[in-house]
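Visitor: I should like a close look at a single part of this model. Please describe how the parts on either side of one interface meet, and then place that part in its surroundings.

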Amino acid sequence: MAAKKSVLVVGHGPIGHSFIEKLVERHADFEISVLCEEPRPAYNRVMLTQYFENKDADKHDAMKLSYVSEAELKELSVKLIYGRAIAIDREARSVSYTMLGKGEEGSSSVSYDVLVLATGSFCFVPPVPGMTLPEKKNVHWPDDPASRPEGVFVYRTIEDLEGLLTAAKAGATRAVVIGGGLLGLEAAKAVYDLKMESHVLEMAPYLMPTQLNEPAGTVLTQKIQALGISVHVGVQIKEIVHTEDGKVRGIRILEKGADEPVLLECDLVVVSCGVRPRDSLAGNCGLELGARGGVKVDASLRSSDEHIYAIGEVAAIGGTFCYGLWGPGVEQAEALVKNLVDGPGSMEYTSSDLSTKLKLLGVEVASFGRTADFWFKRQFDGKDPEVKSLECRDEVSGTYRRLCFSADGSKLMGGILIGDAKDYSKLLQLSKKADLGGNDAAGLTYGRPPPGAANQEAVDGGDGTGLADDDLICSCLALSKATVRKTIIELEAHTIPQIKKCCKAGTGCGGCVAPVGEVPKLLAHTLKKLGKDVDSGVCTHFVYSRRELFDIVKVKELKSFDDVMAAAGKGADGCELCKPVVASILSSLWNDHALKGGLDQIQDTNDRFLGNIQKTGTYSIIPRCAGGDISPDTLIAFASTAKKYGLWTKITGAQRLGMYGAPMHQLPDIFKELVDAGMETGQAYGKALRTVKSCVGTSWCRYGQQDSVTMAVSLENRYKGLRAPHKFKMAVSGCLRECAEAQGKDVGLIATQAGYNLYVCGNGGVKPVHAKLLANDCSEEECFKYIDRFLMFYISTAKHLQRTSPWLAELEGGIEYLKKVVINDGLGLGAELEAMMQRNRMNFHCEWKEVAYDDELRKKFAQFANSAETKDSEQIEYIDVRGQRHPNNYSPPDILGPALYNKTEAPEQWEWIFAGNEADFPRNGGLAVKHGSQELAVFYLPAQSLSDQWLATQNLCPHKQARSISRGLTGELASGMLTLADPVYKTTYDLRSGAGIGNPNFNLSTFQTKVENGRVLVKVPPKEEMEEAFELQISQAYSAAGKEYKKRGHGAAAKAAATNGVAKAAANRVASADSNPAMPAFVMDW
């Protein structure tokens, strides 16, 4: 029997491994060896920044970066050799290599029958003085760190990232990233994750100049700068400046438009401004190279030597072009395997799609084209006269879209998407087709549906992907939607990890398997059609959907969160996701007071304090103004109250009166004044009826058909207090002229001569939807009956935070089915739905009034648990605007980096202060505590162990600086982590350590607690020291953001205090925090 042919792969990167996988799958008669120069098998370089989720190189498998283990390669009969190739002997058909860690003396060789070069590329390092050490150049390893001065890094491997980690741990706090392209921004993400002050420098006039035009690059710059990252474009790099001992001290640059270079001080430089094919191994053995580098290969991926092939970044296709993307490398591997197994010429490879979709520093970026001309001829930049473009830039959301069409507008040639790339797959597929598929150019650009779309069957079969079966759902691996669906059905891949394992979808950039990607949509839809369970639980504490949970609470008549948790949940406590859901369900069914019976601690802050929280941490107060009908005396009373408390007033968008800027502790007194004047809560703070808008109707209008004002007042009084999955609005127009815009509301009535036409499920907002006609010429009694049924059916079946319009869109049978339920009572639910509404109406109470006249409820609004004193907690400068007190552009900078204090490091000399009486603290909630001019947040978690029952943090939220942490929702994850969500922006923290969860740049100081004789105590620094430490931290945040800090209200001025001993201690505390390697990264561009 003939001996097996030996295949040697040089390079065990993603493409080399893809080739090995595909060759093994063919069960061909080959002996496979792979030469790997890194100390681990292949891993996903595209996801390299995820390495910082676990900073231990030995654990990178846990992050799913690894493609394969040593044991798995052994099972596949693949010989793994750790070593760096240094020479090819074409005559002997062998490759010499040095074994890792042993240098030249540890060299060996391995023979081959077929050699596959998958050596990839190396980082291009600009020939700038001080950037390299020429005398230490490594001809076999261009990325050798020994060839660069200490502090100059490249961004290519896990070892490169380990070097960055070591530098950060050694005290590096400032970094410069050279390169504003794809690789540069990936490197910027890595430095950002290391929480160092950083700068990215880009020589071109804007970011990503190869893939984007200038407007797109500008939008991307703005999005990245919004993260706290500075971007420098159009700069020239003059030299790297070093200290006397050879370490990086800074980089000298000439800014765009400047006359003289400046020194940008830094501790390290990361070079990531492009790559070059790693072709020296091939060139040294005489293989023909491409015109611009790389190993020249033909359509079979064969080099000038019939026994040697090349794939990936090192392969110069036809000698002209090397692809630097994942997708082309996988396609090349597929073609080469087919040619080796099925015979030469079995499959030709000539080109690949350069389209790509990435998420850079949290910003979605996509570029796609019909052919390579889209980039090579810069069709996206108006360089090709045969291509016409349309663009849409949304400065509010920070998104940009430019689509390019053939001159006659019949074909999509390509496009650029920044900030919102959800349509990428659909547009990419469309760009490969002969026409626009029934769409029009303007509709595609501006997000409008194609003509007649409402009457057409969805091309995606209803799975929500927007893709036909033959469209690619994973562009990295060139997998069609049909292929992935087949995997789900035939291979029973019923989870994302199983899909990734079975067909490799999502193992490239990962975008298609992200929560908002197309694969999860396809999976959910396919499983549903198979009759399989789809995970639709509210959160980890409840496996049930909101609809299922609603039915459980209704049938079992559960009245508290503890009851619901015991009957249907798991764990000791919920979280910021499930608590508001349960609170909404309980209110929808029983309509008990939101602040009684422990319900206050599961409410979002708006419902907990009966007002809408504003970004300053204060609240708005909006009384009910039923139908917009209001007396002069009520207007006067409202104005007098607002004037007395110095509140800003405005007519709201829902034709109501609003006052803004009320601190929490003043709310009960304001409620009392309004209630005493005959007003009641408008519940603008709740997911409830907001308003019923009306015109003047027959009372005054000569066109009026019905008394629209009286009808609007009746509707508002009937449905006030009704909690729902989301807010809902109503309107009544007195005639067909539709002055009240009823067809843009969740419920709308339009008067006719015979009664009212009833419309439902419309809304304005981000995605306006026209309401659907439910019934014609209804009497008032019929209107009430149908609206009762409609609202309770919606409340019973909708998802949490789902408006009526998307609810109807998902309702099988749509408006016709809804008519059967509501009008014809086709399900026999009419009487039950009406009874539920009647119970809700009977239980209505003005929540403001009960607080105003209940001393126990008033206590819940106390500013501090340990003092009856009150103070101005806002860090806001007020100015006069149009005769009113107005915040002066409230936008304090984020406080980034480590916390000032950690309870595990509290000095013995700190003092124990009284934080309040144990009996006054709510279960599973917090209260604010006063300590001089500063505030703490103390939380009581009775179900936890003794050490975790009382936890204390700072009350100042690092994100925008509202003093509101004590008002956040607590929770417990399945892992046992205790969590806190701040009430304003929902930033999450580990309540034990104070560490940021959603954003590790935000961190809370923590303090020790204890309880003695019913008194809660907290161990804290002296008042003056704590004040100056926080003031210094705040002022430094302002300075870093380029803003002026105006200290208000209390204490000595920060600058003056900086000379005394207390301030010096505070400065030491801040300096200690600043030297911590956990400081955040700020990235600028070159």
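Guide: The following account concerns the interface of domain 1 and domain 3 in this predicted model. The domain assignment of the protein chain places domain 1 at 5–120 + 278–342 and domain 3 at 353–450; it also gives domain 2 (123–274) and domain 4 (911–1041). Taken over C-alpha atoms, the centres of domain 1 and domain 3 are 35 Å apart. Four residues from domain 1 and four residues from domain 3 make up the contact. The size of an interface is often expressed as the accessible area lost when the parts come together. Between domain 1 and domain 3, about 350 Å² is buried, and 79% of it lies on carbon and sulfur atoms. On the side of domain 1, the most area is lost by Phe321, Tyr323 and Leu325, which together account for 77% of what that side buries. The residues with which domain 1 touches domain 3 comprise four nonpolar, no polar and no charged. Between the two domains, the count of salt bridges is zero, and zero residue pairs in polar contact are found across the interface, with both residues at pLDDT 80 or more.

As to the surroundings, the largest nonpolar core has 120 residues. Phe19, Leu117, Leu220, Ile418 and Val484 have the most contacts inside that core. Leaving aside residues up to four places away in sequence, Leu117 touches residues including Val10, Ile88, Leu281, Ile308 and Val314. Another core, of 64 residues, lies apart from the largest one, and Phe561, Leu589, Trp590 and Cys783 are among its residues.

Key
Residues numbered from 1 in each chain as written. Predicted model: local features only at pLDDT ≥ 70, side-chain atom pairs only at ≥ 80, totals over all residues. Heavy atoms only, no water. Domains from an automatic or database assignment. Contact = heavy atoms within 4.5 Å. Buried area = accessible area lost by both parts, 1.4 Å probe. Salt bridge = Lys/Arg side-chain N within 4 Å of Asp/Glu carboxyl O. Polar contact = N/O pair within 3.5 Å; in protein donor to acceptor, adjacent residues only side chain to side chain. Nonpolar A, V, L, I, M, F, W, Y, C, P; charged D, E, K, R; others polar. Core = buried A, V, L, I, M, F, W, Y, C linked by side-chain atoms within 4.5 Å. Buried < 20%, exposed > 50% of the residue type's maximum accessible area, 1.4 Å probe, protein only.
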